[in-house]
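Me: I am new to this structure and would like a close look at one part of it, the packing of its interior. Please explain the terms as you go.

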Amino acid sequence: CPGPPSSHTVELVEESLDVNLLNNAVRLHIQGCPFLPGGVHLCEVQNHLVVLLITGQTVHRLLLPHPARMYRSELITESQMQSVFTDIGKINFRDPSNYYVIPSVPGLASNSVASAAWLSSEGEALFALPSASGGIFVLKLPPHDAPGMVSVVELKQSSVMQRFLTGWMPTAIRGDCGPSDLPISLSVHCLDHDAFLFALCQDHKLRMWSYKDQMCLMVADLLEFMPVSRDLRLAAGTGHRLRLAFSQSLGLYLGVYMHAPKRGQFCVFQLVSTESNRYSLDHISSLFSSQETLVDFALTSSEIWALWHNEENQTVVKYINFEQNVACQWNQVFVQPLPEEEVTVRHDQDPRIFSQGTERHMDLTWDELKKEVTLAVESEFQGSVTEYECSLEEFWQLQVEFWSKFYACCLQYQEALSRPLALHLNPYSNMVCLLKKGSLSFLVPCSLVDHLYLLSNEHLLTEDDAAIFDDLEMSRDVVCLVQCLRLIGESISMEMAFIMEMACSRLQPPEKAAEQILEDLIANDTENVMEDIHSKLQEIRNPIHAIGVLIREMDYETDADMERGDTHHLNMRMNLTQLYSSGTAVNVVCWGICKIATIRFLICRDLLILQQLLLRLGDPVRGQLFQSQQDLLHRTSPLLLSYYLIRWASQLSGPQTIVELFFQEVARKHIISRLFSQPNTSLAETSLNWPHLITAIVADFLPLLWPSNPGFLFPECLMGSCQYTQLQEYIRLLQPWCHVNMGSCCFMMGRCYLVMGEGHKALDCFCQAASEVGREEFLDRLIQPEEGEMVSTPRLQYYNKVLRLLDMVGLPELVIQLATLAIMESADDWRSQATLRTCIFKHHLDLGHNSEAYVALTQNPDPSRQLDCLRQLVVVLCERSQLQDLVEFPYVNLHNEVVGIIESHARAVDLMTHNYYELLYAFHIYRHNYRKAGTVMFEYGMRLGREVRTLRGLQKQGNCFLAAINCLRLIRPEYAWIVQPASGAVYERPGASPKRSHDGECTAVPTTHQIEILELEDLERECVLARIRLTLVQHDLSTAAVAGNSTPEETVALLVRAGLFDTAITLCQTFKLPLTPIFEGLTFKCIKLQLGGEAVQAEAWDWLAANQLSALVTTKESR
């Protein structure tokens, strides 16, 4: 909309209720050409939006893409799309086909405020303007996509034929025309091939022109329809306004505002035509207005909406149904007031009080804005203070002064931005909006209760009782009751109101706060308000019934089915998936919820105080005291707390309120699905009607927010959106008085405590919630088993869900506590017990509670799970080197299992990095099972010889054989033996990897084993062999690869080759082998020494030194 008459700037903003628009605002500035008031006209054609602009010197046509085309483009996403203004910078505003300078003859009338513009059926752009000589001239631009010339047509009352003027004739030739027919308001009604131009002129007459025929078809003197004086008839009309409204069924309506000093009048006419193409006006209604200054008004086929500024320069919006309102009573629209001009700062407060308002049109975040403001005010403060030192009181006073000055500037800025400039009425959806410089305000229907409470006293007295309830007596009772509430509300000071606010915030009974407020009202009643209330109460026939009616009107408690939404209908109607999903729509709906909650909180507060007054007065005659005390008070208090909670949730706490978040993420889909799921309903037939639809949405939204309803979507949404702090406060305000969804609230509070790191508090909440499983819809959905999950009792399924949650967060102590508690619930379900015992075992083991883990393992009723736990216990304790615990556990009825587990691990892992054999040896030694201990160490030594052919491996092999011998020596001789599987059988034992041939194929496993009994002497011989192998490798490391698993005969050959003849003799004597290879080798070396040179003789000393030299005969020749 354009600014003041001298403004060279027009601001265009595109708003959508369905999608968020990008680049949706543009400011046009035409240097030296001020825009005419109302000189912006929007026309819609198939592929374009055409903006027609009129300035004091030029006319312009802007072609923008149609939104329907934008929806089909690739620019749209799920939640946002490009605005029609996105590419406006590419438009050439100097294009001759879309721009024209208004000719100086006849020229635009000075101080002109009237204009009209439209598109013809051929696509031509036409601009109607007041002529400087009186009358109207119409400037026509050719279609944007066709060549042509600009033409100008002058419409004058004396015209009887069409006059196309390519040049302008002098005034003397045309004849003069007085200025009385100068239009002060113009409107146009387009036909298929013509346009009716209506001009409300200075002489108080309405003229109707046919543009096609260039003829004045009708002249009507509007003073005939209003009481006038001689001065008004002689004075030129300046403040008259004209609006049109067209209905396919009813025809064309004309709304005229006739301005007169200190009064005004609306006249509504219907255009009537005859067969002879004559037209006349059928007077429908005349409506008188007060003395306010009319800013704008809009007309429909049944209503007038008007925007005024009153004597205090405040905005007043009213509407009236001119067809049904016989008493000519205007309906008041309750406009959001501006903030208080003065803010009291107590001495215990910081003057830098920030309160985030509802307007969020800013480039900075809230925190960034606070920082910028603080820096600016502090900089101004420091620049103005000249003293280096000042007292604390002086400093505080200066802070208050500067921040108050900043607050005053903010108020002035906000007042300028929030002042309505015009009314916008969409004839297709009946949506009414207030256009402001800084924003756009939507008018939403008001409910009956809110309407009665907000009405002024004079309007409340004249309210039609029949329009409230069918029962007239009940209607009068309710009106009198509302008057009593109004008297109470107007008498409550800020301090009294604060008592109720603090009672709700501190979880104190509202009834007590109401009683205290009543005592304060009685103590400070200087205007006899209590007497007025008492007299009004006497007029109420049945106060208890009237209060009950008022409570029922404000109560939104429903059943569970009402709140369950099903969005599958939206999939079939894709045009509804984005309905009311934009930030603008979300803000409108949720701000409406906030207003309702705020008003009804005040109603409930005043109603509680009134009920306390009724209790004081008593009513022994009617016998209703007990009912009032026991029923109504207990119904009103939860109602007040419910609206307090909704109001709190609707207040701004960040980029968006939690109510907005809930509507955007969850509630909108449920509501839209519910409203449009039944196509035969009246709402579906009028689905685009704004008043009906917004009322239905609010009516369906409030039950979803209502605390005492069984649905739990709102807290679920807060949890899913990580709004933990707000969710905690919501449950805190809810728990003391709301007994619905108590278990669900406890569960949600537990989730919040988990996030905040307060695990033990969370566990307490989870345990409290367990008692409500099976009774609440949310908890029932929570415990639904997943695919493949074992189904058990609801309580156990709940515990399993919470256990997984605690495990995911990483709180093993709490998992153990809860699982222990759950075991008591699963006494008859061994499968659940097995799962819980396994869970307890796992987390005890993770925490290093080895003994507790072992106890949990032994108590597991499922053998397979028990074996899994035992296997895990062995592995984990081995990895932690906590072998003493592992060995000393008693393993009642699990001895063979643990031995098998350790054996399988011993045979499956690397011998040099894991000590499972040694663990198994210690395990058997601890239980005095020396034969098995010896068997284990002997097997360990044999594998070391085969698999670890290194010096270290041979060293460990010797130690293993010594340990095995030691074990057998501890046994009585007749039992000192072990069983040794045949060579190669070790690898086929459980846990060993399969053996493969050279081409990678698995070799066949032998079906039988050759058993060999080894006695103590056999082990001693193996020990000697192992010691001799070690001696050989220590002498010559190169033999390690072959000596580790060599037979005694092979070892003898290796010893002879290395020159270890004494050791070879010892080995032969031990295994009763012939000495021939030894002497043959010694002889060979002697011959080689005899024939060799100095090098061979030097080498001989090395192998000679390795033998017992004292046993040799040394001669001179041998040196």
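Reply: What follows covers the chain as a whole, then its nonpolar cores, then two helix pairs.

This is a predicted model, in which local features need pLDDT of at least 70 and side-chain atom pairs count only at pLDDT 80 or more, while totals for chains, interfaces and linings use all residues. Residues are numbered from 1 along each chain as its sequence is written, and side-chain values use heavy atoms, with hydrogens and water left out.

The protein chain has 40 helices and 30 strands; these are DSSP runs numbered from the N terminus, helices being H or I of at least four residues and strands E of at least two. Of the 1119 residues in the protein chain, 46% are buried, meaning under 20% relative accessible area (over 50% is exposed, in between is partly exposed; 1.4 Å probe, protein chains only). Among contacts (heavy atoms within 4.5 Å) with a separation of 6 or more, 59% join residues 24 or more positions apart.

A nonpolar core is a set of buried Ala, Val, Leu, Ile, Met, Phe, Trp, Tyr and Cys residues joined through side-chain atoms within 4.5 Å. The largest one has 198 residues, and F662, F701, F747, Y798, L873 and Y891 have the most contacts inside it. Helix α15 (residues 583-617) gives the largest share of this core, 18 residues. Leaving aside residues up to four places away in sequence, F662 touches A667, F701, L704, L705, L713, F714 and C717. Another core, of 24 residues, lies apart from the largest one and includes V1024, V1033, L1060 and W1103.

Y798 also appears in a helix pair. The axes of α23 (residues 759-770) and α25 (residues 794-809) come within 10 Å and cross at roughly 165°; axes are lines fitted to C-alpha atoms, for helices over the stretch in contact, and angles run from 0 to 180 degrees between N-to-C directions. The crossing angle makes α23 roughly antiparallel to α25, a term for angles over 145 degrees. From α23, L763, F766, A769 and A770 meet R795, Y798, Y799, V802, L805 and L806 of α25. These contact residues divide into 9 nonpolar, no polar and 1 charged; Ala, Val, Leu, Ile, Met, Phe, Trp, Tyr, Cys and Pro count as nonpolar, Asp, Glu, Lys and Arg as charged, and the others, Gly among them, as polar.

In a second pair, α37 (residues 1048-1058) and α38 (residues 1061-1071) pack at about 165°, with axes 8 Å apart. That makes α37 roughly antiparallel to α38.

Notes: Angles under 35 degrees count as roughly parallel, over 145 as roughly antiparallel, 65 to 115 as roughly perpendicular and the rest as oblique.
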